[in-house]
Amino acid sequence: MTIEDRDDAYLITHALATDTLSRLRDVETEQVAFRKGLVKLGRICGYEIIDGAMETEYVPVETPLAETTGERVKGLDDVVIINVLRAATPFVEGLLKAFPRAKQGVISAGRDEAAGMNEDGEFPITIDYVKLPEIRSADTVIVADPMLATGSTMAAVLDHVLDEADDFEDLFVLSAVSAPAGLLRVSEAVPEADLLTVAIDDRLDDDGFIVPGLGDAGDRAFRTV
Ligand SMILES: O=P(O)(O)OC[C@H]1O[C@H](OP(=O)(O)OP(=O)(O)O)[C@H](O)[C@@H]1O
Ligand SMILES: O=c1cc[nH]c(=O)[nH]1
Ligand SMILES: [Mg+2]
C-alpha cells in the first residue's frame, strides 16, 4: 500500500505555504530567516486548519451602527497543540498566532541517528520529557513537527498522546515536509489521525533524511551546525 491509497493524508496547498516552504528549502536561507519562515508557515497552517476543519456559527453582533449577524469559528478555545521538541518550537509559535488560547503540550523526542535505521526503516527514538494538558472530547489536537521522515518520532509521540487521550474531536499530525514512508507508517499506526503536510517529497536517503527536503530543521533553526 502507498500513501496515495489512504484517505487520511491531506496537502496544505495555500500559495503562501508553498512559497514559504520554498524559501525554507533554500540552502542560502540563514538561521534567522529560517526560524521566521517556520513561524510564518505555522501561522498559515493554523489558518488553513481553521478554514478546512473547524465549524463556524452565526451570532448576533451589535456594531456601533446597527444589529447584524456575524460568523464565528467554533471551538477555538478547545485546541491542544503538542510541540515535538525541538524543531517544532518556531512552527508552534506560528500556530499559536492562529490559536492563541490553545492548551499546550510538550514532548521531547530525538531519533538516534548514530544507531541508524533498522531494516524496517525505523529509528530508535528517545523520549526524555512528556508534559501534556488534559485532552477532552471537544478538543482538536494538533501534533506539530515540521519534519516527518521515517515517522519513527511521530509514531512514538502519538503513543504518548493516545495514552492521555481516548476521546477528542480531531487529531491532526501537522508537518511541513513529509516522506511517503513516514506518512504511511503514521497512518497505519494511528488510523484515527489525519495527516496534514505542506509537501510530500520524493524519498529518504540512506541516513533517513528527506530528499529534497530542507536538511536538518532543528540544526538550521537552532544553529547547531
Ligand atoms: O520521522 P523521523 O525519521 O522520526 O524524523 C523526524 C524527526 O527528526 C527531527 O528531529 P530530531 O531527532 O533531529 O531532533 P531535533 O528536533 O532536536 O533536531 C524532526 O524534527 C522530527 O522530530
Ligand atoms: O530530513 C530530515 C529528517 C529528519 N529531520 C530533519 O530535520 N530533516
Ligand atoms: Mg525532533
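Helix axes that meet at an angle under 35 degrees count as roughly parallel. In this predicted model, helices α4 and α5 pack at about 20°. The two are therefore roughly parallel to each other.

**The helix pair**

Helix α4 covers residues 152–164, and α5 covers residues 180–189. Their axes lie 8 Å apart. The crossing is right-handed. On the α4 side, M154, A155 and L158 make the contact. On the α5 side, R185, V186 and A189 meet them. By class, the contact residues comprise 5 nonpolar and 1 charged, with no polar residue.

**The ligand shells**

Ligand 1 has 21 residues around it. A87, A149, T150, T153 and G218 come nearest. Four elements give two or more residues each to this shell: β5 (103–111), β8 (147–148), α4 and α6 (217–222). Helix α4 thus appears in both settings: it packs with α5 and lines ligand 1.

Ligand 2 is surrounded by A87, M147, A149, F209, I210, G213, D216, A217 and G218. A87, A149 and G218 are listed here and also among the residues nearest ligand 1.

The shells divide by class as follows.

| Shell | Nonpolar | Polar | Charged |
|---|---|---|---|
| Ligand 1 | 9 residues | 8 residues | 4 residues |
| Ligand 2 | 6 residues | 2 residues | 1 residue |

**Confidence**

The protein chain has a mean pLDDT of 96. Of its residues, 98% reach 70 or more. For the complex, the predictor gives an ipTM of 0.97 and a pTM of 0.96. Where pLDDT is low, predicted coordinates should not be read in detail.

How values were computed: Residues are numbered from 1 along each chain as its sequence is written. Chains are lettered from A and ligands numbered from 1 in the order in which they are written. This is a predicted model: local features need pLDDT of at least 70, side-chain atom pairs count only at pLDDT 80 or more; totals for chains, interfaces and linings use all residues. Axes are lines fitted to C-alpha atoms, for helices over the stretch in contact, and angles run from 0 to 180 degrees between N-to-C directions. Angles under 35 degrees count as roughly parallel, over 145 as roughly antiparallel, 65 to 115 as roughly perpendicular and the rest as oblique. A crossing is left-handed if the near helix is turned anticlockwise from the far one by less than a right angle, and right-handed if clockwise. Two residues are in contact if their C-beta atoms, placed from the backbone, lie within 7 Å. Ala, Val, Leu, Ile, Met, Phe, Trp, Tyr, Cys and Pro count as nonpolar, Asp, Glu, Lys and Arg as charged, and the others, Gly among them, as polar. pLDDT is the predictor's confidence in each residue, from 0 to 100. A residue is near a molecule or strand if its C-beta atom, placed from the backbone, lies within 6 Å of it.
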